[in-house]
Protein chains: 2
Amino acid sequence: MSNRPKSTPAPVEAPRRAADRIRDTAFDLFYREGIRAIGVEEIVTRAGVTKPSLYRAFESKDELAAAYLRDYDQRFCRSFEAPAADHPGDPKGQLLAYLDSLSVRASSGDYRGCGLTNAVIEYPDRDHPAHRVAVDSKRALRERLREMCRDMKVRDPDELADSLLLLLEGSYVSGQTFGEGGPARVLGAAARRLIEASL
Amino acid sequence: MSNRPKSTPAPVEAPRRAADRIRDTAFDLFYREGIRAIGVEEIVTRAGVTKPSLYRAFESKDELAAAYLRDYDQRFCRSFEAPAADHPGDPKGQLLAYLDSLSVRASSGDYRGCGLTNAVIEYPDRDHPAHRVAVDSKRALRERLREMCRDMKVRDPDELADSLLLLLEGSYVSGQTFGEGGPARVLGAAARRLIEASL
DNA sequence: CAGAGTACGTACCGATCGGTAACATTGTCA
DNA sequence: TGACAATGTTACCGATCGGTACGTACTCTG
């Protein structure tokens, strides 16, 4: 506990670097409240750092937002691919496992949807850094879905992939609108019907 | 032209009342750019009026946003029910007609989705006037969809209604993310498959 | 034509926005 | 011990935010 070896640079609970604290705090605040709704002042205060530290690590608030979305994308990819471990060589099983878990989250209270989707809506300008990162991530997801649908040997993999993407995005936003007991509860069933109909 | 009768209070092309100009301008700007992105200053400038005129007609920017969303809801309802004229006593035909037209709009460039959905994301706070109006509208839509699905005599009308709602909302947001050739192009096909599978 | 009432504009408010300059302090490693 | 990098401190910037006190022009009515 107290006498840690020198090779460990920092204990897990120790105060990390300012840039990391900012990144983590920005993640939570941007996700829960929205990017436009949160000022840099609030971020540095909640992170226990100061504004110059923020601007030493990030060019601007917009770039911090872009960094947040890159972090979000990374975590999303992990959670999307996580079920692969339980379903080796079974893209359908993997996909449905993710959708089932999403269905539960998105139809319970206090759900805030997908940070990437939300960012596209908050920043409709295609040239905005946040918009760009979010759209790139969504394009990659679409491609990944097409890949999985191709592996499922369905009739029209691209059509199925897009259909499932619509259900996915619909769950993200409906989760925020309806909260507990929202339409996302039927996500798994709807996806199964669509897959069934495509075989 | 010049000598209009006294009984006509104002010609159609004359400058309307400040409140109306504000409402119309706010509608366009809020919808295209987002509510948080637009300041009251820009609204009054583009409307050719001044700030006091805005605050005489609306309590606050938040209330103006709520008014915008009520206008949006009204227009939405009209466009949603419009196909009913061509499909009397045919809820399935009406619904598919709306979805087909949405599919076209949402998979072409410059689409900005649903103003109500966007507002829920911009204002996650459930007590915010804009959030409230948007959620109320969405709840009504969900109920209307259930009603239509019940009329279609399907197996589980509530499940089908929620599934279609997911596709609908998914199209709104995906339209913004992917633009031309986005996943919303398959909306009609996916809806038909789900309906088919529910009969 | 007087006067009330309505409709609107001029000019301004304090607060907060994102962002920065200059300097003091700390911890680390050589 | 001394150099260096990272961070904190303080004070500030111009711009913009939502919002308002107050004066003015028009129109309808008596």
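A polar contact is a pair of N or O atoms within 3.5 Å; within protein, one must be able to donate a hydrogen and the other to accept it, and residues adjacent in sequence count only if both atoms are side-chain atoms. In this predicted model, a polar side-chain atom of A:Ser53 lies 2.5 Å from a phosphate oxygen of DNA strand D. Local features need pLDDT of at least 70 and side-chain atom pairs count only at pLDDT 80 or more, while totals for chains, interfaces and linings use all residues. Residues are numbered from 1 along each chain as its sequence is written, chains are lettered from A and ligands numbered from 1 in the order in which they are written, and side-chain values use heavy atoms, with hydrogens and water left out.

**Symmetry**

- Chain A superposes on chain B (least squares on the C-alpha atoms of residues with pLDDT of at least 70 in both) by a rotation of 180° with 0.0 Å of shift along the axis, at an RMSD of 0.1 Å.
- The two copies are thus related as by a two-fold rotation axis.
- The C-alpha of A:Gly170 lies 1.9 Å from that axis, the closest approach of any residue of chain A.

**Interface between chains A and B**

- Contact, meaning heavy atoms within 4.5 Å, joins 45 residues of chain A to 45 residues of chain B.
- Of the interface residues of chain A, 100% are also interface residues in chain B, so the copies meet through the same surface.
- Buried area is the accessible area (1.4 Å probe) that two parts lose on being put together, summed over both; here it is about 3,900 Å², 63% of it on carbon and sulfur atoms.
- In chain A, the most area is lost by A:Ile121, A:Leu166 and A:Phe178, together 18% of what that side buries.
- Six salt bridges (a side-chain nitrogen of Lys or Arg within 4 Å of a carboxyl oxygen of Asp or Glu) are counted between the chains.
- One salt bridge pairs B:Arg193 with A:Glu159, at 3.0 Å from N to O.
- Between chains A and B, 10 residue pairs are in polar contact, both residues at pLDDT 80 or more.

**DNA strand D**

- Near strand D (a heavy atom within 4 Å) are 16 residues, of which A:Thr50, A:Ser53, B:Lys51, B:Tyr55 and B:Lys61 come nearest.
- Sugar and phosphate make up 44% of the strand D atoms that come within 4 Å of the protein.
- Backbone N or O atoms also approach phosphate oxygens of strand D, that of A:Ala18 at 3.3 Å and that of B:Val40 at 2.9 Å.
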